[in-house]
Amino acid sequence: MTDRSLPSLERVRSEITRNRLRAAFAVLILVSAAVVVSAAGGGVSTASKDDVPDAPETDNHTVVTESGRAGTITAYQPNGEVLYYNNSRTKYFDADPVEGDPLTVEYAATDTIHTEGSNCGAPPCTRNVIERTDLETGEVEVIYERYDYKEYAGEWHDIDRINETHFVVADMVADQVFIVNTETEVVDWLWDAQSDFPLEGGHSWPRDWAHINDVEYIDSGQMEGRIMASLRNQDQVVFLDQEEGLLEDWTLGGENEHDVLHEQHNPDFIPESQGGPAVLVADSENGQIKEFQREDGEWTQTWLWEDDQIQWPRDADRLPNGNTLISDTHGNRVMEVDQSGEIVWEVASSLPYESERLETGDESESGRSAQALGLENRTEAESSGGGGGGGGGGFGFSPLGFLGDLIESILPHRIYNALLFISPVWMGSSEFAAIGVALLTGLTWVGTEIGWQLRDRGVRFRLPVYRQGGS
């Protein structure tokens, strides 16, 4: 350091006083807090029926289930008003209309048991149920139930009726798919994922190894009588034959082949009569809706939809009119996109898991494949709209929005989505950035104050390696 530079440094030190630095730290923390408080007052809530927002008008009834901090099932009338609401279960998952009575639905739901008793020796435990509900009368009937020993990854995310007495169940607890006679409660058929997949794959066993989150009984076409299942943690959609087991040649995706699928949810099978074989699926960790067509013994991606707001979608259904109904969990919305990719219907929801448009058949059974419809891809670059949480400004650039997007791009998708899942529903990337700025500013302030106190007491620190003057 030269003698000439010393006066200028002294002038800088005299201008930036300790009080000015303290004021700057305080302003940064207050501004960050204001961003978070402002967002907290504007988040959507579905914790009670009175909180549920009305939906836009549409031609049919719509059912939405939630399985986040609060479990809910909500049915909207065509005019957008709430017809039915229930939050008595801890979580609600897949919901299907009853054939011949579209305003009666059957669904998988879960109760968490926190008290020790005959049905839970070491809390928390889980009670998994298949229920039927008449949405007009509110009458609820338990069709089948089972108690399980754990809460984490202890749910049935999907069930599918085969006939009057039998259901196929996605058993996440035991990493199995089974068919049960709900009258006798006898399991007639079972497939164990361990019979075809190594424990070294997926996530940690036995905590949440395969995470089987979807099943579908295929009742027409060349795959009639087979079962499609989604192994989320193996990034694969598989097809099962009740005699032969896993049909390996039909498997869609592969372990860690994330350019195909990354921890997907709720695939729907579209048969040949509707332009298939095809699979429409929510590619959750990639933040996309995809469709794959079966051609020459292989799966080929034929359609993709995304916008700049979609965040961890968990369901997509192809409707008879060619539109697609999407449940965007961390985007806090359920929406319908038309064949050109434009959003034509949308309702806010805290953490939607699945949505079903009643009077149109079960899931995508009345919809046609993307290839048959001639659908074109819709990517984030082609979409317009605001994502990324609050904290924006009116000048085309938001520092917090930029920092939030940077945080989202740096963190692995699973970590970022896990943060969103455990955070309040109004938290977005800008709010995470605001909290990060406030914490970093606070730590810097504390460190600076400690440094000042030590300096005032004559305490000095020297680098362990330094260069002596002279030569």
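**Exercise 1. Determine how many bridges join strand 6 to strand 7, and place these strands in their sheet.**

Step 1. In this predicted model, strand 6 (residues 125–134) runs antiparallel to strand 7, and eight bridges join the two. One of the facing pairs is Arg132 with Glu141 of strand 7.

Step 2. The sheet that holds these strands is open, is built from four strands in the order 4-5-6-7, and is paired in the antiparallel sense. Strand 4 (91–98) and strand 7 (140–148) have a single partner strand each, so each lacks a neighbour in the sheet on one side. From one strand to the next, the twist averages 15 degrees.

Step 3. Val142 is placed in strand 7. Its relative accessible area is 35%, so Val142 counts as partly exposed, a class that lies between the limits of 20% and 50%. Leaving aside residues up to four places away in sequence, Val142 touches Arg89, Arg127, Ile130 and Glu131. For Val142 and Ile130, the C-alpha atoms are 6.1 Å apart, and the two residues are separated by 12 residues in sequence.

**Exercise 2. State which cysteines form the disulfide, and whether Cys120 is buried or exposed.**

Step 1. The structure holds one disulfide. Cys120 and Cys125 form this disulfide, with their sulfur atoms 2.1 Å apart.

Step 2. The torsion about the S-S bond is about 80 degrees, and the disulfide is therefore right-handed.

Step 3. The cut-off for a buried residue is under 20% relative accessible area. Cys120, at 1% relative accessibility, counts as buried. Cys125 is likewise buried, with a relative accessible area of 3%.

**Exercise 3. Describe the pairing of strand 9 and explain why it is largely enclosed by the rest of the structure.**

Step 1. Strand 8 (residues 156–161) pairs with strand 9 in the antiparallel sense over five bridges. Within this pairing, Ile159 stands opposite Val169. Four residues make up the hairpin connection from strand 8 to strand 9.

Step 2. Strand 9 also pairs with strand 10, again antiparallel, over six bridges. His166 has Asn181 in strand 10 as its bridge partner. Here too the strands form a hairpin with four residues between them, and Asp175 in the turn has a positive phi of about 55 degrees.

Step 3. In a regular strand, side chains alternate between the two faces of the sheet. In strand 9, His166, Val168 and Ala170 point one way, while Phe167, Val169 and Asp171 point the other way, and all are buried. Six of the six residues of strand 9 are buried, so the strand is largely enclosed by the rest of the structure.

**Exercise 4. Identify which residues touch the most other members of the largest nonpolar core, and which elements contribute two or more residues to it.**

Step 1. The largest nonpolar core has 18 residues; Val177, Trp191, Ile212 and Leu240 touch the most other members.

Step 2. Two or more residues come from each of strand 9 (166–171), strand 10 (176–181), strand 11 (186–192), strand 12 (212–217), strand 13 (227–231) and strand 14 (236–241). Strand 13 gives the most, with three residues.

Step 3. Ile212 illustrates the surroundings: with residues up to four places away in sequence left out, Ile212 touches Ala170, Met172, Asp175, Gln176, Val177, Trp191, Ala193, Ser230 and Leu231. Another core, of 14 residues, lies apart from the largest one and includes Met223, Val237, Leu261 and Phe292.

**Exercise 5. Establish the strand order of the sheet that contains strands 17 to 20, and describe its pairings.**

Step 1. The order is 17-18-19-20, in an open sheet of four strands with antiparallel pairing. Strand 17 (265–270) and strand 20 are the edge strands, each pairing on one side only. On average, neighbouring strands of this sheet are turned by 25 degrees against each other, direction ignored.

Step 2. Strand 18 (residues 278–283) is joined to strand 19 by six bridges, and the two run antiparallel. Leu280 has Glu291 in strand 19 as its bridge partner.

Step 3. Strand 19 (residues 288–295) pairs with strand 20 (residues 298–305) in the antiparallel sense over seven bridges. Ile289 has Trp305 of strand 20 as its bridge partner. The two strands form a hairpin with two residues between them, and Asp296 in the turn has a positive phi of about 55 degrees.

Terms used. Residues are numbered from 1 along each chain as its sequence is written. This is a predicted model: local features need pLDDT of at least 70, side-chain atom pairs count only at pLDDT 80 or more; totals for chains, interfaces and linings use all residues. Side-chain values use heavy atoms; hydrogens and water are left out. Two strands pair if DSSP finds at least two bridges between them. Axes are lines fitted to C-alpha atoms, for helices over the stretch in contact, and angles run from 0 to 180 degrees between N-to-C directions. A nonpolar core is a set of buried Ala, Val, Leu, Ile, Met, Phe, Trp, Tyr and Cys residues joined through side-chain atoms within 4.5 Å. Buried means under 20% relative accessible area, exposed over 50%, partly exposed in between (1.4 Å probe, protein chains only). Contact means heavy atoms within 4.5 Å. A disulfide is a pair of cysteine sulfur atoms within 2.5 Å.
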